[in-house]
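Let's take a walk through this protein together, one region at a time. Keep the viewer open so you can follow along.

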Amino acid sequence: MENKSTSPAVQLKGVYKRFGKVVAVQKMDLDFEEGSLVTLLGPSGCGKTTILRMIAGLEAPTEGEIYIKGKRVNDIPIHKRNLGMIFQNYALFPHKTIFDNVAFGLKYRNVAKGEMQAKVTKALEMVRLPGVEGRMPSQLSGGQQQRIAMARAIVIEPDVLLMDEPLSALDENLREEMRREIDNLQQMLGVTTLFVTHDQREALSMSDKIVVMKDGLKQQEGSPEEVYNYPRNHFVSDFLGHSNFFGGVIAGLEDEGVSVKLQDGNEFRVEHPGDWANNAAVELVIRAQKFELTYLDEAPPEPDMNTFDGTIKDRSYMGGEVSYFVELESGTMVHVIGIAKLTPFKKGEKIRLHVAPRHCGLLQKDKAGGDARPAK
Ligand SMILES: Nc1ncnc2c1ncn2[C@@H]1O[C@H](COP(=O)(O)OP(=O)(O)OP(=O)(O)O)[C@@H](O)[C@H]1O
Ligand SMILES: [Mg+2]
């Protein structure tokens, strides 16, 4: 007997996909919990769309198994998988009315006319566009068209909703709004959703779980907080935020952490438990947002920080934030992002840079994709 409560909504087991010599996806094991919103996040070409297409049944895996609600679907064709799909470029039928666009999937399911009407009306209400049944897609804005695509996807009450960069054609303000709408709709419907994006902020703000990918390989998966705060390797740390990386060696072991000597001679105290050995090669990771800047004559923001003097070499205003490149006296360049109203520093000014030991992360240098220690 099928036990729904224990089967993940979607499961990939050892999935590979090759296109000739190109390995698009390798050794992919994934579990999506029922009702969750999972994001596949990674740079262009890392295999996100390919995974979505395999789940949809638009591509067959070269190896491995795909399960939907506990049932193996490798040999089940796309129209029997009960999935809702939304893609980047809306893909509405331009010559069909909004009603016919939204009702499309219902027609294939032999839904009676009255019921179809009711379902389309309800789907349009859910995407907050009631009453547009008679219009043509060209009479709606980009954001509205994307909501129609959403209505079309949810009207069939899919087991899984697949969205491939659905917001990338929209401008920044609209994206933000649509992000919230998708989030709300997903929670209201409780439908398991797989969302593909290469936008870190999008992934962090919406997901129950993020799967970070690179070159067809899963790099890390976890809650937004987990992958952001505890990146497992250089790639994840870099991709999910503006990180500074410095090569160094362990130069001292203390109760509360370690001390790391950089190649430039500077020493950082890093608050990390763990079994680091003296002289082990490491990579020190510090997010650009974790530094604090003060003038040379000011007191440090808190006691026991790592403190270095430097010069602002570059400054770019980004609205609420300012991005600085600070050259330390050792010559090392550090990227710092500060809150605009708290950091009035100018190019060429001498400043003092502070970072708390708890905000410094460590990666093992010699191990490819080595484990990171917590960096809050
Ligand atoms: N039909 C195909 N034939 C040959 N190679 C393909 C095919 N589809 C995808 N690929 C290749 O597989 C790799 C993964 O492609 P995919 O479209 O899944 O990436 P993606 O992560 O969705 O990228 P993007 O963010 O640019 O959409 C790429 O190297 C791509 O060139
Ligand atoms: Mg893609």
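How many of the 7 residues of strand 14 (residues 281-287) are buried? Before the answer, one caveat: what you're looking at is a predicted model. Now, the count is 6 of 7, so strand 14 is mostly covered, with buried taken to mean under 20% relative accessible area.

Who are the partners of strand 14? One of them is strand 11 (residues 243-253), which runs antiparallel to strand 14 and is joined to it by 7 bridges. If you'd like a spot to click on, try F245, whose bridge partner in strand 14 is V285. Strand 14 also pairs with strand 20 (residues 361-364), again antiparallel, through 4 bridges. Here E283 is the residue to look for, as it stands opposite L363 in strand 20. As a general reminder, the strands of a sheet pair through backbone hydrogen bonds, either parallel or antiparallel.

While you're on strand 11, have a look at A251, which sits in that strand. Its relative accessible area is 39%, so A251 counts as partly exposed. Setting aside neighbours within four places in sequence, A251 is in contact with S259, V260, K261, E267 and N278. A251 and A281 are 30 residues apart along the chain, and their C-alpha atoms are 9.9 Å apart in space.

Next, swing over to the N-terminal part of the numbering. Here 4 strands make an open sheet, in the order 2-1-4-5, with antiparallel pairing. Strand 2 (22-32) and strand 5 (71-72) are the edge strands; each has a single partner, so one side of each has no neighbour in the sheet. Strand 1 (residues 10-19) pairs with strand 2 over 7 bridges, in the antiparallel sense, and R18 stands opposite V23 of strand 2. Helix 1 (residues 48-56) lies across strand 1, strand 2 and strand 4 (63-68), and it runs at about 115 degrees to strand 1.

Is K17 buried or exposed? This lysine belongs to strand 1, and its relative accessibility is just 9%, so K17 counts as buried. Leaving out residues up to four places away in sequence, K17 touches V22, V23, A24, V25, T50, M54, E59, A60, P61 and T62.

Now for the empty spaces. The largest pocket holds about 520 Å³. It is lined by 16 residues, and the closest to its centre are L83, M85, F104, G105 and R109. Strand 6 (83-86), helix 2 (98-107) and helix 4 (142-154) each supply at least two lining residues, with strand 6 giving the most, at 3 residues. By class, that lining has 10 nonpolar, 4 polar and 2 charged residues.

What about cavities? A search of the whole structure turns up 2 of 30 Å³ or more. The second largest has about 40 Å³ of space, and its lining consists of M150, L161, M163, I182, L185, Q186, L189 and V191. Strand 7 (160-164) and helix 5 (172-189) each contribute at least two of those residues, and helix 5 has the largest share, with 4. This lining divides into 7 nonpolar residues, 1 polar and no charged.

How values were computed. Residues are numbered from 1 along each chain as its sequence is written. Chains are lettered from A and ligands numbered from 1 in the order in which they are written. This is a predicted model: local features need pLDDT of at least 70, side-chain atom pairs count only at pLDDT 80 or more; totals for chains, interfaces and linings use all residues. Side-chain values use heavy atoms; hydrogens and water are left out. Two strands pair if DSSP finds at least two bridges between them. Contact means heavy atoms within 4.5 Å. Axes are lines fitted to C-alpha atoms, for helices over the stretch in contact, and angles run from 0 to 180 degrees between N-to-C directions. On a 1 Å grid over the protein atoms alone, a cavity is a set of points where a 1.4 Å probe fits but cannot get out, and a pocket is an open set with protein on both sides within 12 Å along at least five of seven lines; lining residues have an atom within 4 Å of a point. Grid points are joined across faces, edges and corners, and a volume is the space filled by probe spheres set on the points. Ala, Val, Leu, Ile, Met, Phe, Trp, Tyr, Cys and Pro count as nonpolar, Asp, Glu, Lys and Arg as charged, and the others, Gly among them, as polar. Buried means under 20% relative accessible area, exposed over 50%, partly exposed in between (1.4 Å probe, protein chains only).
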